[in-house]
Amino acid sequence: MTQPREATVPSGSEPVISLCGARASLGSRPVLRGVDLTVTRGEVVALLGANGSGKSTAVRAVIGQVPLTDGEIALFGTELRRFRQWSRIGYVPQRTTAASGVPATIREVVSSGRLSRARLGRLSRVDRAAVDHAIELVGLGDRAKDSVSALSGGQHQRVLIARALASEPELLIMDEPMAGVDLASQGILADTLREQVAAGTTVLLVLHELGAIEPLIDRAVVLRDGCVVHDGPPPKAMGQHALPGHDHVHPHAADESLRTGLLT
Ligand SMILES: Nc1ncnc2c1ncn2[C@@H]1O[C@H](COP(=O)(O)OP(=O)(O)OP(=O)(O)O)[C@@H](O)[C@H]1O
């Protein structure tokens, strides 16, 4: 078995996600053009970049939804193609309007996130308690029997996050969790994330702007045209100035500026 290269991993830290020279195409278009990215245990990493820079494709490649044309991905030190322990990972996809028409209750949707831990597809008492806990975490305890089709966009997003949390994952991957979410729900999501981080969960977040979760972010990786153009401290300018149309310039090294063009 070939071991993934771990060139960017600090010594002593355990890699949870490693992408090495990852290349992927959608249709005939090369979307990832040699991405190196490592997330170690307990880290909270934001994946940033302009629309179309490849952020969603990168996280979808990590969970095996987009095949690589070249390079390697490993999860918890195991090559992706051999990896089977999906209950260790919670994934919140980018929101689509199609998701809101599901005729199911909040508890049913969140329960589906626990099935990866259930034996023979049946939820035990422990499983059901974990589902209820996940619903409580996102502040929807009193709505568990409500249909998800009756929820606002922000509440719906909270359900998707509860679904990801139901398996008590060690790694949480979220694609634009705050997009289109009302301020009250943003606050609840930030609190939920803070609790997960405090409990040691490793987190990879696709974001457009850091906003309320900026204090939680250990490291930011910025993609441009399918390549990593920054991997280090979160760009300070983002929280205040990440408005559509801005091309961001912020300090990179002492005497060097980095133009991220995050939203252009
Ligand atoms: N099925 C597809 N076929 C061809 N091209 C696609 C397909 N899906 C996405 N793309 C293109 O691939 C590029 C990368 O898309 P991706 O969704 O990864 O970017 P992103 O950085 O997540 O952008 P956004 O912030 O808009 O979500 C975009 O230019 C997009 O138009």
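## What covers helix H3

Let's start in the middle of this predicted model. The buried residues of helix H3 have a cover that includes helix H2 (106–112) and helix H4 (153–165). Which residues of H3 are buried? They are Ala130, Val131, Ala134 and Ile135. These four cover an arc of only 140° around the axis, which puts them on the same side of H3.

Now turn to the other face of H3, the one directed away from the buried side. Here you will find the exposed residues Arg125, Val126 and Ala129.

## Checking the length of H3

How far apart should the ends of H3 be? The helix has 13 residues, 125–137, and at 1.5 Å a residue these should span 18 Å. The end C-alpha atoms of H3 are 18 Å apart, which agrees with that expectation.

Just beyond the helix, have a look at the backbone. H3 is followed by Gly139, and the phi of Gly139 is positive, near 75°.

## The sheet of six strands

Next, find the open sheet of 6 strands. Reading across the sheet, the order is E6-E7-E8-E3-E9-E10, and the pairing is mixed. Why do E6 and E10 each have one side without a neighbour in the sheet? Strand E6 (89–92) and strand E10 (227–232) stand at the edges and have a single partner strand each, so one side of each is left free of a neighbour there. From one strand to the next, the twist averages 15°.

Zoom in on one pair in this sheet. Strand E9 (residues 219–224) pairs with E10 in the antiparallel sense, over 5 bridges. Val222 stands opposite His230 in E10.

Helix H4, met above as part of the cover of H3, turns up here too. H4 lies across E6 and strand E7 (171–175), and runs at about 165° to E6.

## The sheet of four strands

There is also an open sheet of 4 strands, with antiparallel pairing and the order E2-E1-E4-E5. Which strands are at its edges? They are strand E2 (29–40) and strand E5 (78–79), and each of them pairs on one side only.

Look between these edges for E1 and E4. Strand E1 (residues 15–26) and strand E4 (residues 70–75) run antiparallel and are joined by 5 bridges. To find one of the matched pairs, pick Ile17: its bridge partner in E4 is Leu75.

This sheet has a helix across it as well. Helix H1 (residues 55–62) lies across E1, E2 and E4, and its direction is at about 120° to E1.

Methods: Residues are numbered from 1 along each chain as its sequence is written. This is a predicted model: local features need pLDDT of at least 70, side-chain atom pairs count only at pLDDT 80 or more; totals for chains, interfaces and linings use all residues. Helices (H or I, at least four residues) and strands (E, at least two) are DSSP runs, numbered from the N terminus. The expected span of a helix is 1.5 Å times one less than its number of residues. A residue is buried if 20 or more other C-beta atoms lie within 10 Å of its own, exposed if 12 or fewer, and partly exposed in between; C-beta atoms are placed from the backbone. The arc is that of the directions from the helix axis to the C-beta atoms. Two residues are in contact if their C-beta atoms, placed from the backbone, lie within 7 Å. Two strands pair if DSSP finds at least two bridges between them. Axes are lines fitted to C-alpha atoms, for helices over the stretch in contact, and angles run from 0 to 180 degrees between N-to-C directions.
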